Amino acid sequence: LTRIKRIPGTADDGVINVDDLKAWLTEVRTSCMRYSRGEIADEMIGQLLAKAPAGVDGVWPCPPVCEALEWMASQSVAAGFRVGAYNARGVHWRGEGGDDERDLSARYRGYANRIAFEYPYVAGILKRLAASYGRDAQWHDSDAKVRSRLPY
């Protein structure tokens, strides 16, 4: 599952067919449960789905992935999705304080608000991700204040 580079059900033009994605998810999850690997498979599926593109309206993730996440409503998939989204940030350079994390928190909260009525489960995942970045911002702010008082 870690080697998959694009969302299953993605056509050559980049459009994700939700029915094909759901069929793939059903098959993979069933196979993994048969070998007592259901929970970790769900986490890895979540990380894979976090690689989804934004929709045509700019909201992330795109509607087919939102629909699949709603359909599964798995806490393990949600946990993997949050890890995948967090890791997608990659290596970054930071300045003082938590401004970068505040921006990410606002972005994910904005996505959550835009999809809350249609995809409430996914909105909850995004709100938890936003809250995590909010906590990170507070930590970095606090760390910057402490460092400013140190004599080194």
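## Helix H4 and its neighbours

The buried residues of helix H4 pack against four partners along the chain, namely helix H2 (38-49), helix H3 (63-72), helix H5 (99-115) and helix H6 (120-149). In this predicted model, the residues of H4 that make up this buried set are Ser76, Val77, Ala78, Gly80, Phe81, Gly84 and Ala85. An α-helix has 3.6 residues a turn, so residues three or four places apart point the same way.

## Length and ends of H4

Helix H4 covers residues 75-88, and because each residue is expected to add 1.5 Å, its 14 residues should span 20 Å, a value that agrees with the 20 Å between its end C-alpha atoms.

At the start of the helix, a side-chain oxygen of Ser74 comes to within 3.3 Å of the backbone nitrogen of Ser76, while just after H4 the residue Gly90 adopts a positive phi of about 70°.

## The protein as a whole

The secondary structure consists of 6 helices and 0 strands, which gives the pattern α-α-α-α-α-α when the protein is read along its sequence. The C-alpha trace spans about 60 × 35 × 25 Å along its principal axes, and among contacts between residues at least 6 apart in sequence, 65% join residues at least 24 apart.

## Burial, surface and charge

Of the 152 residues of the protein, 41% count as buried, and the accessible surface comes to about 9100 Å², with 53% of that area belonging to carbon and sulfur atoms. The protein carries 21 positive and 20 negative charges, and the mean positions of these two groups lie 5 Å apart.

Key. Residues are numbered from 1 along each chain as its sequence is written. This is a predicted model: local features need pLDDT of at least 70, side-chain atom pairs count only at pLDDT 80 or more; totals for chains, interfaces and linings use all residues. Side-chain values use heavy atoms; hydrogens and water are left out. Helices (H or I, at least four residues) and strands (E, at least two) are DSSP runs, numbered from the N terminus. The expected span of a helix is 1.5 Å times one less than its number of residues. Buried means under 20% relative accessible area, exposed over 50%, partly exposed in between (1.4 Å probe, protein chains only). Contact means heavy atoms within 4.5 Å. A polar contact is a pair of N or O atoms within 3.5 Å; within protein, one must be able to donate a hydrogen and the other to accept it, and residues adjacent in sequence count only if both atoms are side-chain atoms. Accessible areas come from the Shrake-Rupley method with a 1.4 Å probe; for residues, only the protein chains shown count as cover. Lys and Arg count as positive and Asp and Glu as negative; His and the chain ends are not counted. The place of a charge is taken as NZ of Lys, CZ of Arg, CG of Asp or CD of Glu.
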